[in-house]
Amino acid sequence: MTDQAESVRTESAVEPLPPKKTGFKFTADPRLLGLTGVLVILCIVGSVTRPDQFFTDGNISTILRLAAAIGVVSVGMTFVIIAGGIDLSVGSIVALSSVWLTTLATQSYGPFVMILCGLLVGLGCGLINGILVSYGKIVPFIATLAMYVSARGLAERISGRRTQVVSEAGFLDFFRGDLLGIPVLIWMFALVFAIGWVVLNRTTFGRRTFAVGGNAEASRLAGINVKRHTALVYGVAGLCCGIAALMVVARTTAGASTNGMLYELDAIAAVVIGGTLLTGGRGSLIGTLIGVLIFTVLSNIFTLNNLDTDIQNIAKGVIIVLAALLQFRSVKKTKAST
């Protein structure tokens with residue numbers, strides 16, 4: 001009886017703490033702020049060097065249309081790198097998809113079959129990469145390098161190393177048209193980016209992508225099918241390449257085995273500049289978007305000022321090195337704090 005009374009007195013003496021008053025607090029990512037600052041500086045340089053051309057509706061539309069295809073590829077590359085992989089074959093997959101959807105046999109079935117063919121070829125190549133990496137246990141660098149060579153070779157074989165001109169008017173009318181005064185290609189880029197952001201940040205698939213890239217073994221022990229998820233991530237990258245192939249064909253009105261040249265390098269550079277770790281487990285599609293715009297605006301400035309491409313490539317190289325150094329310092333500080 002005495003113990004029960006003592007227990008009652010103890011419980012009544014311990015009162016729950018009142019809930020803390022918390023308000024909304026916005027914390028900006030310093031890296032994204034820095035990238036935005038670089039983009040703003042480039043825009044200022046463009047407006048100063050070419051005040052009569054840079055901030056015109058036509059030039060801004062050109063920048064966004066040029067950024068659209070590589071931007072879509074970069075969305076898929078972001079998923080792959082966050083998952084701890086790498087894909088060197090995206091440019092070749094774009095070329096193969098563009099050639100396959102512009103063959104005379106494919107075009108004879110109309111625009112819907114052309115679109116479906118381009119998407120399926122890209123998705124198929126991506127899944128092959130994923131199966132080789134996850135189930136075949138081939139290093140991503142080697143597996144995607146093999147796809148890089150074979151897809152480009154198959155594109156040359158199918159096209160006979162000739163440019164295949166699009167004769168289907170319905171395809172060109174749609175993809176080269178406008179919607180609310182904005183080119184369809186820009187709408188496509190925005191839609192792919194929005195879907196990618198939602199999938200990466202608001203779905204189980206996105207959370208598993210971060211988990212697999214952060215620690216594959218821990219993810220497996222937590223019940224995630226790492227092999228299947230890795231294959232699906234590469235499939236997402238391949239599907240993005242198929243969409244990019246549609247955009248390239250619409251912009252150039254032709255399919256060729258030379259399409260998508262160096263897309264893999266531009267996509268990886270944009271993703272790394274955007275803050276995604278090459279070791280996986282951390283990344284941001286917003287950063288990737290800013291990285292794509294930085295490279296596209298830089299190329300546009302060089303084009304408007306009639307500067308040599310070799311200087312442009314040097315400038316890109318410097319930006320990539322600086323981004324890698326900043327990423328290394330960020331990782332080092334994170335490890336030191338833990």
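At what angle do the axes of helix α9 and α10 cross? I looked this up in a predicted model. The axes of α9 (residues 184-202) and α10 cross at roughly 70 degrees and come within 5 Å. I therefore recorded α9 as roughly perpendicular to α10, since angles of 65 to 115 degrees count as such.

**Entry: the α9 and α10 contact**

I listed the residues that meet here. From α9 they are Val199, Leu200 and Arg202, and from α10 they are Phe205, Gly206, Arg207 and Phe210. By class, I noted four nonpolar residues, one polar and two charged in the contact of α9 with α10.

**Entry: Phe205**

I then followed Phe205, which is found in helix α10 (residues 204-214). Setting aside neighbours within four places in sequence, I found Phe205 in contact with Phe79, Val199, His229, Leu232, Val233 and Val236. For one of these, Val233, I checked the backbone: its C-alpha atom is separated from that of Phe205 by 9.2 Å, and the two residues are 28 residues apart along the chain.

**Entry: aromatic pairs**

How many aromatic pairs does the structure hold? I counted four aromatic pairs. One of them joins Phe79 and Phe205; this pair is tilted, with 6.4 Å centre to centre and 45 degrees between the planes. Phe79 lies in helix α3 (residues 57-82) and Phe205 in helix α10, so the pair ties together parts that are 126 residues apart in sequence. Is Phe79 buried or exposed? I entered Phe79 as buried, because its relative accessibility is 2% and the cut-off for burial is under 20%.

I next examined Phe171 and Phe175, an aromatic pair that is also tilted. Their rings are 4.7 Å apart centre to centre, with 45 degrees between the planes. Both residues lie in helix α8 (residues 169-175), four residues apart, which is about one turn of the helix. I noted the general rule that an α-helix has 3.6 residues a turn, so residues three or four places apart point the same way. Phe171 counts as buried at 0% relative accessibility, and Phe175 is buried with a relative accessible area of 4%. I also recorded that ring pairs link Phe171, Phe174 and Phe175 into a cluster.

**Entry: the nonpolar core**

Which residues have the most contacts inside the largest nonpolar core? I found Val72, Val94, Phe171 and Met247, in a core of 80 residues. Phe171 thus appears here as well as in the ring cluster. For Met247, not counting residues up to four places away in sequence, I listed Ala68, Ala69, Val72, Leu185, Met188 and Phe189 as the residues touched. I set beside this the general tendency of nonpolar side chains to be buried together in soluble globular proteins.

**Entry: helix α13**

I found helix α13 (residues 263-273) mostly covered, with nine of its eleven residues buried. The buried residues are Tyr263, Glu264, Ala267, Ile268, Ala269, Ala270, Val271, Val272 and Ile273. After α13 comes Gly275, for which I noted a positive phi, near 100 degrees.

**Entry: the whole chain**

Finally, I looked up the totals. The protein has 15 helices and four strands. Of its 338 residues, 45% count as buried. Among contacts with a separation of 6 or more, I recorded 79% between residues 24 or more positions apart.

Notes. Residues are numbered from 1 along each chain as its sequence is written. Side-chain values use heavy atoms; hydrogens and water are left out. Helices (H or I, at least four residues) and strands (E, at least two) are DSSP runs, numbered from the N terminus. Contact means heavy atoms within 4.5 Å. Axes are lines fitted to C-alpha atoms, for helices over the stretch in contact, and angles run from 0 to 180 degrees between N-to-C directions. Angles under 35 degrees count as roughly parallel, over 145 as roughly antiparallel, 65 to 115 as roughly perpendicular and the rest as oblique. Ala, Val, Leu, Ile, Met, Phe, Trp, Tyr, Cys and Pro count as nonpolar, Asp, Glu, Lys and Arg as charged, and the others, Gly among them, as polar. A nonpolar core is a set of buried Ala, Val, Leu, Ile, Met, Phe, Trp, Tyr and Cys residues joined through side-chain atoms within 4.5 Å. Buried means under 20% relative accessible area, exposed over 50%, partly exposed in between (1.4 Å probe, protein chains only). Rings of Phe, Tyr and Trp (its six-membered ring) pair if their centres lie within 6.5 Å; planes under 30 degrees apart count as stacked, over 60 as edge-to-face and the rest as tilted.
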